[in-house]
Amino acid sequence: MKEVSVLITGGGSVGLSLAAELGWRNIDCMVIEQADGLNNHPRANAVANRTMEYYRRWGIDKEITEAGIPPDHPADYYWVSSLHGRQLHRISLPPFKKIREVKDTGGYVKEEHTWSPYLKTITGQNEVEQVILNYIYSLPNIDMKFNYELKNFDQDALGVICKVKNIKTGKIEDIKCKYLIACDGGKSMVREKLNIGLTGRADMAKFVSIYFKAPDFMKCHKFGTANIFFPLHKDYAGFLLNWDGGTTFTYHLMLKPGQSWNEINAKNSIEAVLGKSTDIEILSIQPWSAHALVADKYHDNRVIMAGDAVHLFTPTGGFGMNTGVSDAIDIAWKVQAMVEGWGGNKLIESYFDERRPIGIRNTKEAADCFDQLNSVMVHGDILDEESDRADKLRAELSLNLKEQDKLIASSGTLLGYRYNNSSIIIPDGTQETIDNPRKYIPTARPGHRAPHIWLEEGVSIYDKFGKNFTLLVISNDISDANILICEAKNIGIPIKLLKINDQDVLNLYKNKYVIIRPDLMVAWRSDSIPNKPVDILNKITGVIS
């Protein structure tokens with residue numbers, strides 16, 4: 001029987017990210033995916049700043065950035081009645097390439113760029129997955145298998161035996177793994193076999209996603225280049241995502257009640273929102289439904305789930321894929337710890353305690369963004385009408401849409417999550433920062449994301465952290481820190497000592513000693529090392545609850 005440390009079922013963005021993180025951590029794994037290759041139809045269009053921080057560690061961040069909308073293109077977002085109608089609202093952000101050149105611009109843009117090395121990176125999910133797959137192929141400890149399907153599994157105290165089918169040959173083989181991690185989507189076979197339910201709102205709306213190429217698209221309307229167009233007229237309600245300089249798009253058209261996606265004439269729908277005929281090549285069409293659902297459990301002993309298998313989103317805000325990748329990064333180091341023998345018996349349990357509240361938080365936020373957007377997609381021709389009542393409606397909509405900026409500017413959601421009730425976080429008694437969807441408040445409070453700061457041009461503090469735990473010492477004196485480092489080595493916990501004697505770093509992190517976890521979250525901080533540092537180390541690795 002073939003044996004592997006981790007078997008991952010599902011080769012989408014979350015499964016691939018999990019495999020890449022495990023491979024980067026020198027943990028062997030096999031990835032099985034039913035399809036014969038990647039899904040070439042773009043789904044998510046925005047790679048969150050937090051997700052890019054993870055990808056930075058593998059060295060693929062630049063490639064992902066360059067695979068999307070050219071970095072010198074304007075980052076504009078238009079809310080319009082239609083593409084042959086009126087502009088109702090617009091957000092215009094500096095191009096990605098120009099962000100660092102913004103010296104005197106006050107307000108959100110300048111502030112947000114201090115929060116992370118990245119803003120949202122507008123690159124199609126299909127392009128992102130191809131970059132990750134190429135990286136996976138460079139790792140010797142990852143076995144990537146397309147045309148393979150998980151048929152069944154049974155677990156005991158030592159591992160999981162999985163029956164895996166080669167779809168091309170029909171042959172079924174047994175594969176033994178220490179952990180089975182399901183990244184197998186919203187209709188997860190693993191979740192259903194475990195009889196784990198979903199809680200929340202189902203079937204909020206149904207859409208058809210039309211991926212197309214139109215060389216003269218930008219000549220067919222009066223608006224400029226945009227990352228997203230939001231047509232609000234009820235006959236065209238949905239959104240158009242731009243994948244390049246303005247020739248390739250996906251039109252997510254909201255279906256009317258009772259309407260089936262395969263009834264839609266794709267070319268006619270695109271020309272209807274444009275208001276004129278043009279040369280259009282339909283590349284692919286896929287239906288999808290908007291949900292706000294979260295699984296009641298995230299794991300059953302050695303069988304673990306991540307991504308859409310445990311949470312189903314509406315894409316408004318761009319949280320779905322990115323929440324799933326953070327699931328993968330959270331569980332990867334914990335599985336590594338268990339495989340290598342330095343993880344405690346509470347460590348895997350902490351995955352559910354940490355990530356399910358974030359799943360609930362983020363699905364609710366995406367649903368709220370959808371509800372607000374959907375509420376202004378109910379009007380018809382009055383949106384373009386020349387009349388007093390139309391002027392009044394457009395003025396009201398403009399005010400409403402300004403309040404919906406969090407749909408685009410959502411760093412508070414993407415960076416400001418926190419693990420308040422985690423058994424492997426050591427609270428320091430400081431007051432929790434406000435959880436605001438739009439505004440992130442940098443803090444090194446335990447349970448929060450370790451805040452980014454530029455140490456020098458192009459060098460983030462993240463670039464100095466270790467692959468595993470990091471003890472950050474913001475001082476010249478490391479004598480006490482060495483006591484904790486020696487204790488960690490004695491009990492087999494991998495940890496790096498990082499000395500940065502910098503006042504700006506101290507102002508940000510507040511305390512002299514800070515332990516950063518392998519997933520770039522703060523586990524503990526203090527101005528002194530305790531007499532028994534082993535208690536801290538046991539706590540943050542799940543040895544004691």
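In the predicted model, strand E4 (residues 75-80) and strand E5 are joined by 6 bridges and run antiparallel. Within this pairing, Tyr 77 of E4 lies opposite Ile 91 in E5. Both strands belong to an open sheet of 8 strands with mixed pairing, in which the order is E5-E4-E12-E13-E14-E11-E15-E18. The edges of the sheet are formed by E5 (87-93) and E18 (311-312); each has a single partner strand, so one side of each is left without a neighbour in the sheet. Helix H10 (residues 388-402) packs on the sheet, where it touches E4 and E5. The direction of H10 makes about 30° with that of E5.

Helix packing is illustrated by H8 (residues 320-340) and H9 (residues 347-375), whose axes lie 10 Å apart at an angle of about 175°. Because angles over 145 degrees count as roughly antiparallel, H8 is described as roughly antiparallel to H9. On the H8 side, the residues making the contact include Thr 323, Asp 327, Ile 331, Trp 333, Lys 334 and Met 338. Those contributed by H9 include Leu 347, Ile 348, Tyr 351, Glu 354, Arg 355 and Asn 362. The residues of this contact comprise 8 nonpolar, 4 polar and 5 charged.

Helix H5 (residues 125-137) contains 13 residues and spans 18 Å from its first C-alpha to its last, close to the 18 Å expected at 1.5 Å a residue. The buried residues of H5 are Gln 125, Asn 126, Val 128, Glu 129, Val 131, Ile 132, Leu 133, Tyr 135 and Ile 136.

Notes:
Residues numbered from 1 in each chain as written. Predicted model: local features only at pLDDT ≥ 70, side-chain atom pairs only at ≥ 80, totals over all residues. Heavy atoms only, no water. Axes fitted to C-alpha atoms, helices over the stretch in contact; angles between N-to-C directions. Helix = DSSP H or I, 4+ residues; strand = E, 2+ residues; numbered from the N terminus. Parallel < 35°, antiparallel > 145°, perpendicular 65-115°, else oblique. Contact = heavy atoms within 4.5 Å. Nonpolar A, V, L, I, M, F, W, Y, C, P; charged D, E, K, R; others polar. Pairing = 2+ DSSP bridges. Expected span 1.5 Å × (residues − 1). Buried < 20%, exposed > 50% of the residue type's maximum accessible area, 1.4 Å probe, protein only.
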